[in-house]
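Open the model in your viewer and keep the selection panel at hand. The tour goes from strands to helices to cores.

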Amino acid sequence: MNTFFADSSQRRHDLTFHYIYRDYPIRHNHDYWEFFVVITGAYKHTLNDDTSIANTGAGFLIRPNDYHSLRNSTASASHLNILIRDCLMRSVCACLAPALYDALLAEKGVPVFLEELHTKELFNYTALLERYNEDEQNYELVSRLILFSVLEKILYQNRFVDSKKPKWLNELLQLIRSPYNANWQLEDFIRATNYSHSYFTRQFNKYMGCSPIQYLTAEKMARACNYLIHSDMSILEIASTLGYTNLSHFNHVFKSIYNIPPTRYRKLNQNPH
């Protein structure tokens, strides 16, 4: 198989980006970190020995010396490609958690699924990088913001992968964190495990310290907060996206957790003054 090695020695900045409107079928590796997110279409992504379909919104953190390739899985596909020097990755990881850098190297692969509002956030950051291309201080600041944003989403979606938990529970928690399943109800997740309702509930309580419905409701409401602050979706659209068919019930659940209704929460957080 053809391979090649890419290095970062010719790049001016510690973080750069490209919008790529083709596939990258040649198996390759490099001495820097790479994060790509699919903007349109889908790719057949091979990472070391694993192959999967990367649909719109799917992203992967590629580590130094990982081998990977991207082949078009649809007629047209595009992705945002962010390249990060190892020195910057070490510095930002050290700010977030001392063991994070080594943990990322130890993982087999680190996927993340971005919702539209998260992709827009990255688009806005890359626009700032172009604006500050000749301003070293601001360029470095925005570079760190981009990397913080990427790592925050990776940690948020992978934080419950725990060797002390059974494999099925780790996989279930990943399903719950995926934006593709935002409207799933509790029964949908139980069916994904093939366990009975009673057994599932007992085991979930044992390892998580709360009931499945308490956990799922908290996750849905946290996602609702994100939509309220960072999107233009109406309250009804947010409720529907999260699987609530009754707007009054959604408002009641939200208020029971945050002590204010969703409309008030949005107003306070979008206009802090």
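Select β2 and β9 in this predicted model. The two strands run antiparallel and are joined by six bridges. Pick Phe-17 and look across to β9: its bridge partner there is Ile-82.

Now widen the selection to the whole sheet. It is open, has five strands and follows the order β2-β9-β4-β7-β10, with antiparallel pairing. β2 and β10 are the edge strands, each pairing on one side only. On average, neighbouring strands are turned by 20 degrees against each other, direction ignored.

Add the helices that pack here. α3 touches β2, β4 and β9, and its direction makes about 115 degrees with that of β2. α4 lies across β2, β4, β7 (58-62), β9 and β10. Against β10, α4 runs at about 95 degrees.

Next, show the largest nonpolar core. Which of its 29 residues touch the most other members? They are Phe-35, Met-89 and Leu-104. Elements giving two or more residues to this core include β4 (33-40), α1 (86-96) and α2 (100-106). α4 gives the largest share, seven residues.

Centre on Met-89. Leaving out residues up to four places away in sequence, Met-89 touches Trp-33, Leu-61, Ile-84, Tyr-101, Leu-104, Leu-147 and Leu-151. Another core, of 17 residues, lies apart from the largest one; Leu-117, Cys-225, Tyr-227 and Phe-250 are among its members.

Last stop: α5 (residues 167-177). Its buried residues are Trp-168, Leu-169, Asn-170, Leu-172, Leu-173, Ile-176 and Arg-177. Turn on what covers them, including α4, α6 (186-193), α7 (197-208) and α8 (212-230).

Conventions:
Residues are numbered from 1 along each chain as its sequence is written. This is a predicted model: local features need pLDDT of at least 70, side-chain atom pairs count only at pLDDT 80 or more; totals for chains, interfaces and linings use all residues. Side-chain values use heavy atoms; hydrogens and water are left out. A nonpolar core is a set of buried Ala, Val, Leu, Ile, Met, Phe, Trp, Tyr and Cys residues joined through side-chain atoms within 4.5 Å. Buried means under 20% relative accessible area, exposed over 50%, partly exposed in between (1.4 Å probe, protein chains only). Helices (H or I, at least four residues) and strands (E, at least two) are DSSP runs, numbered from the N terminus. Contact means heavy atoms within 4.5 Å. Two strands pair if DSSP finds at least two bridges between them. Axes are lines fitted to C-alpha atoms, for helices over the stretch in contact, and angles run from 0 to 180 degrees between N-to-C directions.
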